[in-house]
Amino acid sequence: MKNIGFSEELQREVVARAKTETRRLTNPQPDDYLKNAYGDFFLPDGRRVSLLANRRVIRPRYEFGEIIYIKEPYTPHPLGLDRVFYKYDHKDIKDLQELGYGDYLDNPGFWWSKEHMPARMARYFLRITDRYGERLQDISEESCKKEGIFSDALECNFGLPNIQRTALETVLGKSWREAYARLIDSTYGAGTWKNNPFVWVYCFEFLPELTTSERRLYKLTKR
């Protein structure tokens, strides 16, 4: 079963059903992408006749309908009890403090790396509802909102209610796209937005739990 990771702030937006899209850089970067139903990318210097060969086509990591799990920092119960604590969960942090582990929460190695988190430890899942390729700057204002960007500028400048929580600190007067540009540069490095690379766009729905049949399909046992 494949996984995906988010920053703590954006994971909260995912769980709140406020973030329903994510953009990930393609690797390697293509020259263009196919104008077909799948929107697959192809590698530089690939001729149309060679597109039949899988080695020329850049496939997405996730496919339509696929269920993936969210990886996050975690730790088993320090006393070996049947419980998992998650770093991004305020209640878990409070419970650990009450158990007397508050002084250890920032110690290296206390939290297990999310990069090696197995699916059986996951508490959240996503179902991919769409995927396609585009240039980064092709993102629309509406898609910026679906990326978990909620601009304070709308509320402060126009009196519109900011119903959802603000995922990131935004600058007064900035547009949704400018706020998203700040996010992508903070994620992939300064200049990413300006370079306008190709990205995979993944649309998803949040699944707080899997059905019995879905767990059986992905060979997951109850943690």
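**Salt bridges and a loop proline**

Arg83 is partly exposed, with a relative accessible area of 32%, in this predicted model, whereas Asp95 is buried, at a relative accessible area of 15%. The two residues form a salt bridge in which the closest N and O atoms are 2.8 Å apart. Because Asp95 belongs to helix α2 (residues 90-98) and Arg83 to the loop between β7 (74-76) and β8 (84-86), the pair ties together parts that are twelve residues apart in sequence.

Salt bridges with shared partners also join Lys19, Glu21, Arg23, Glu134 and Glu147 into one network. Within this network, the side chains of Arg23 and Glu21 meet in a salt bridge with an N to O distance of 2.9 Å. Arg23 is buried, with a relative accessible area of 3%, and Glu21 likewise counts as buried, at 4% relative accessibility.

The count of salt bridges comes to 17, and one of them brings together the side chains of Lys2 and Glu66, at 3.4 Å from N to O. This pair links distant parts of the chain, 64 residues apart, with Lys2 in the segment before β1 (3-5) and Glu66 in the loop between β5 (57-58) and β6 (67-71). Lys2 counts as partly exposed, at 31% relative accessibility, while Glu66 is buried, with a relative accessible area of 15%.

Turning to the proline, Pro28 lies in the loop between β2 (21-25) and β3 (32-33) and is partly exposed, with a relative accessible area of 41%. The C-alpha atom of Pro28 is separated by 9.4 Å from that of Phe198, a residue 170 residues apart from Pro28 along the chain.

Terms used: Residues numbered from 1 in each chain as written. Predicted model: local features only at pLDDT ≥ 70, side-chain atom pairs only at ≥ 80, totals over all residues. Heavy atoms only, no water. Helix = DSSP H or I, 4+ residues; strand = E, 2+ residues; numbered from the N terminus. Buried < 20%, exposed > 50% of the residue type's maximum accessible area, 1.4 Å probe, protein only. Salt bridge = Lys/Arg side-chain N within 4 Å of Asp/Glu carboxyl O.
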